[in-house]
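Good morning, everyone. Please pull up the model on your screens. I'll walk you through it in a few minutes.

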Amino acid sequence: MAANMYRVGDYVYFENSSSNPYLIRRIEELSKTANGNVEAKVVCLFRRRDISTHLNSLADNNARDFEEDSKQPASSEPQKHQLKHRELFLSRQFESLPATHIRGKCNVTLLNETDLLTRYLEKEDSFFYSLVFDPAQKTLLADQGEIRVGSKYQAEIPDRLAEGESDGRTQEKLETKVWDPDNQLKDPQIDQFLVVARAVGTFARALDCSSSIRQPSLHMSAAAASRDVTLFHAMDTLQRSGYDLAQAMCALAPQGGPVLCRDEMEEWGASEAMLFEEALEKYGKDFTDIRQDFLPWKSLASIVQFYYMWKTTDRYIQQKRLKAAEADSKLKQVYIPTYTKPNPNQIMAPGAKPGMNGSAGFQKVLSCESCHTAQSPQWYAWGPPSMQCRLCALCWIYWKKYGGLKTPTQLEGAARVSTEAAPRGHMTRQEVQGMSPFTNSAGRAKLLAKNRQTFILQTTKLSRVARRVCHDVLQPRRAARRPYVPINSNAVKAECMIRLSKPSNAPVKAKPSPRTDLATIVKELALQAPLRLKAPCSAPTPIICNQGNQPRGASSLLGKRPLDNVVGAQLSTNGRPFTSGMRTTSQSVIKRQKVNQGDSPNPVVFVATKYTRALRKALTQTEMRRAARKPHLPLKIKLPPCPPSCPPTAVSPSYWRIEDCSATIIFTSPSNLV
């Protein structure tokens with residue numbers, strides 16, 4: 001009965017998924033909803049598996065420092081692995097969860113230097129934390145509530161002086177005297193002087209404009225003048241005046257006017273007080289976070305002083321009564337029965353026949369992924385379904401409670417004990433860079449030249465057959481025009497299987513495709529590489545390209561050849577000659593990068609003119625597509641009217657034949673249409 005009773009402040013397990021580990025939360029409030037269900041407002045605690053790799057490395061560094069400072073005994077590798085499962089990270093994130101998802105209690109404590117880490121492994125459902133995780137900022141910070149225990153935090157007590165021995169230390173340097181009880185004044189005289197000090201304070205507030213606005217009535221000014229800051233100032237004045245009442249009264253009201261003493265309660269405005277109450281509701285008495293997030297213009301000492309003065313006001317008493325009434329209306333505890341429903345990840349329920357509950361797809365020779373046992377009263381599926389991994393009953397409970405396995409595995413992110421190198425996911429950036437083959441200059445050059453890994457996509461025989469058999473369903477041309485639209489490959493393959501099962505009436509004609517060897521293809525490509533532009537000699541050609549036998553000179557950033565000495569003059573990218581104020585490609589001030597010549601593109605550049613653009617517009621869309629699909633076939637089009645700048649000899653031939661690297665285009669005059 002007591003084990004199933006959960007109260008505010010308990011650390012409990014919450015289950016949000018049947019296959020994932022439990023969530024560890026601390027109950028802050030228990031409330032009943034309108035439909036009768038019980039909800040729990042909880043504080044989130046995170047495991048190592050919930051934070052990033054970078055934050056895990058910071059946690060490892062903090063653990064090493066803790067072991068060195070506290071002088072922990074040496075532990076084995078399995079113990080270090082299991083201690084990571086016992087470490088949690090506190091946060092200030094709240095969430096509401098149904099109370100019916102509670103699966104048990106656990107114990108979470110703040111790690112202390114006097115604690116032994118191995119003791120947490122000896123206790124069930126025992127966890128510790130030492131760092132605070134901020135989910136929004138993705139940071140790990142030390143907990144501010146750390147208890148400083150140890151020899152370095154203890155005070156050093158000096159030896160006791162012997163009888164008759166004088167203390168040689170200077171008392172004025174060690175302490176400051178603020179009041180002498182053995183003075184010549186009597187208590188009634190001191191009380192009368194304090195009354196005068198309050199009256200002077202009230203008069204000073206009447207003269208001050210800001211105080212008159214904040215405290216317009218005489219009663220409020222008198223109440224503010226009766227606060228402790230006025231009494232402390234009066235007693236300090238008596239101490240400085242040598243307890244001479246006449247001199248002390250003159251010090252209360254100098255020639256410039258009466259002295260006004262105000263504390264933090266008067267300095268703060270109403271809006272600042274509201275911000276402080278809101279921050280106190282959110283963070284509690286964590287004054288550092290209150291100053292950082294709500295009141296950055298206030299000092300930490302000012303916030304602390306205002307807190308203790310605020311506790312003496314009626315506002316604090318009213319909020320305390322409201323919280324007490326609200327707490328009375330909320331639940332103090334809730335009873336949650338033990339969860340007995342079967343887990344969906346069970347491979348075979350106890351007493352059931354083999355093959356039930358999803359056990360048909362699992363091999364009988366598989367053992368537990370954690371303890372490697374082959375016998376267990378109950379097995380649970382674990383990990384990706386394709387791996388067919390399973391856990392025994394004890395390891396499954398360990399996985400659900402602690403979020404890991406007893407021994408490291410490949411699926412959990414750690415390599416098995418073997419001669420293989422450690423995975424890079426558990427290494428720092430410096431270690432990964434030390435193992436990288438690109439740390440030296442030669443390796444970096446290779447990485448810059450080719451920084452992407454080569455891969456190949458290989459289709460199956462069924463996919464290749466489906467492309468031809470289901471050509472009307474697949475519609476490859478339509479899919480090529482819309483590459484962002486997904487293709488239902490399952491429907492295509494299903495239709496292919498249906499069509500393949502039916503006999504075809506038309507015989508399949510096998511068209512042999514002769515294939516040449518690689519050496520012949522390389523020779524043909526080498527012969528076709530230095531292509532030149534053929535244009536009429538009588539007129540300047542409108543298309544300019546780099547010749548294959550042109551000297552490379554200095555390579556540009558992309559490895560292309562510069563446009564130097566082309567057709568007797570240097571040309572810019574718009575086809576016009578360079579002027580004295582323009583910079584050529586070889587004169588670029590950019591630091592060039594040497595790239596492998598085999599990876600550089602074909603060094604051919606085409607500069608379009610107005611006449612060539614007009615020729616392109618003369619082509620229809622069908623002709624453009626046909627020329628793009630079959631660039632080796634000549635294309636015959638109508639010749640547009642010659643521009644005025646073109647010489648008359650340019651239109652005299654019946655056909656123009658212009659060759660570039662991809663196509664051969666034949667232009668005809670209007671009198672000789674083809």
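One cut-off before we start. A residue counts as buried under 20% relative accessible area, as exposed over 50%, and as partly exposed in between. Take Arg26: its relative accessible area is 23%, so Arg26 is partly exposed. Keep those two numbers in mind, 20% and 50%.

Also, please remember that this is a predicted model.

Now the overview. The protein has 674 residues, and 28% of them are buried. It holds 24 helices and 15 strands. About 46600 Å² of surface is exposed, and carbon and sulfur atoms supply 55% of that area. Next, contacts. Take the ones between residues at least 6 apart in sequence: 60% of these join residues at least 24 apart.

Let's turn to charges. Side chains of opposite charge can pair when their charged atoms come close. How many salt bridges does the structure hold? There are 20 salt bridges. I'll show you three.

The pair to start with is Glu15 and Lys400. Their closest N and O atoms are 3.3 Å apart. Where do the two partners sit? Glu15 is in the loop between β2 (11-14) and β3 (23-32), while Lys400 is in helix α15. So this salt bridge ties together parts that are 385 residues apart in sequence. Is Lys400 buried or exposed? Lys400 is buried, because its relative accessibility is 2%. Glu15 is buried too, at 13%.

Next pair: Glu28 and Arg26. Here the closest N and O atoms are 2.9 Å apart. We met Arg26 at the start, as a partly exposed residue. Glu28 is partly exposed as well, with a relative accessible area of 28%.

The third pair is Asp263 and Arg227. Their closest N and O atoms lie 2.7 Å apart. Asp263 sits in the loop between α9 (245-252) and α10 (264-267). Arg227 sits in the loop between α7 (218-225) and α8. So the pair links parts that are 36 residues apart in sequence. One partner is buried: Asp263, at 7%. Arg227 is partly exposed, at 25%.

Now go back to Glu15 for a moment. Which residues share a network with Glu15? They are Arg103 and Lys400, joined with Glu15 through salt bridges that share partners.

On to the surface. Look for patches.

Start with positive charge. Arg477, Arg478, Arg481, Arg482, Arg625, Arg626, Arg629 and Lys630 gather in one positive patch. Two elements give two or more residues to this patch: α20 (476-481) and α24 (621-629). Pick out Arg625, in helix α24. Its relative accessible area is 38%, so Arg625 is partly exposed.

Now negative charge. Asp65, Glu67, Glu68 and Asp69 form a negative patch on the surface. Find Asp69 in helix α1, residues 53-70. Is Asp69 buried or exposed? Asp69 is exposed, because its relative accessible area is 52%.

And a nonpolar patch. Leu462, Val465, Met497 and Leu500 make this one, and its area is about 320 Å². Which helices each supply at least two of its residues? Those are α18 (461-469) and α21 (489-501). Val465 belongs to helix α18. At 34% relative accessible area, Val465 is partly exposed.

Two more stops, both at buried residues.

Stop one is Thr230, in helix α8, residues 228-240. It has a relative accessible area of 6%, so Thr230 is buried. What does Thr230 touch, leaving out residues up to four places away in sequence? Its contacts are Ala197, Arg198, Arg205, Ala224, Ala225 and Cys261.

Stop two is Gly403. Look in the loop between α15 (393-402) and α16 (429-435). Gly403 is buried, since its relative accessibility is 10%. Now find Arg47. Along the chain, Gly403 and Arg47 are 356 residues apart. In space, their C-alpha atoms are separated by 7.7 Å.

To recap, start from the pair Glu15 and Lys400, 385 residues apart in sequence and tied by a salt bridge. Then look at the positive patch that includes Arg625, and at the negative patch that includes Asp69. Finish at Thr230, buried in helix α8.

That's my tour. Thank you.

Technical notes. Residues numbered from 1 in each chain as written. Predicted model: local features only at pLDDT ≥ 70, side-chain atom pairs only at ≥ 80, totals over all residues. Heavy atoms only, no water. Patch = residues over 30% accessible without salt bridge, like charges linked within 9 Å, V, L, I, M, F, W, Y side chains within 5 Å. Areas by Shrake-Rupley, 256 points an atom, 1.4 Å probe, with all protein chains shown as cover. Salt bridge = Lys/Arg side-chain N within 4 Å of Asp/Glu carboxyl O. Lys, Arg positive; Asp, Glu negative; His and termini not counted. Charge placed at Lys NZ, Arg CZ, Asp CG, Glu CD. Helix = DSSP H or I, 4+ residues; strand = E, 2+ residues; numbered from the N terminus. Buried < 20%, exposed > 50% of the residue type's maximum accessible area, 1.4 Å probe, protein only. Contact = heavy atoms within 4.5 Å.
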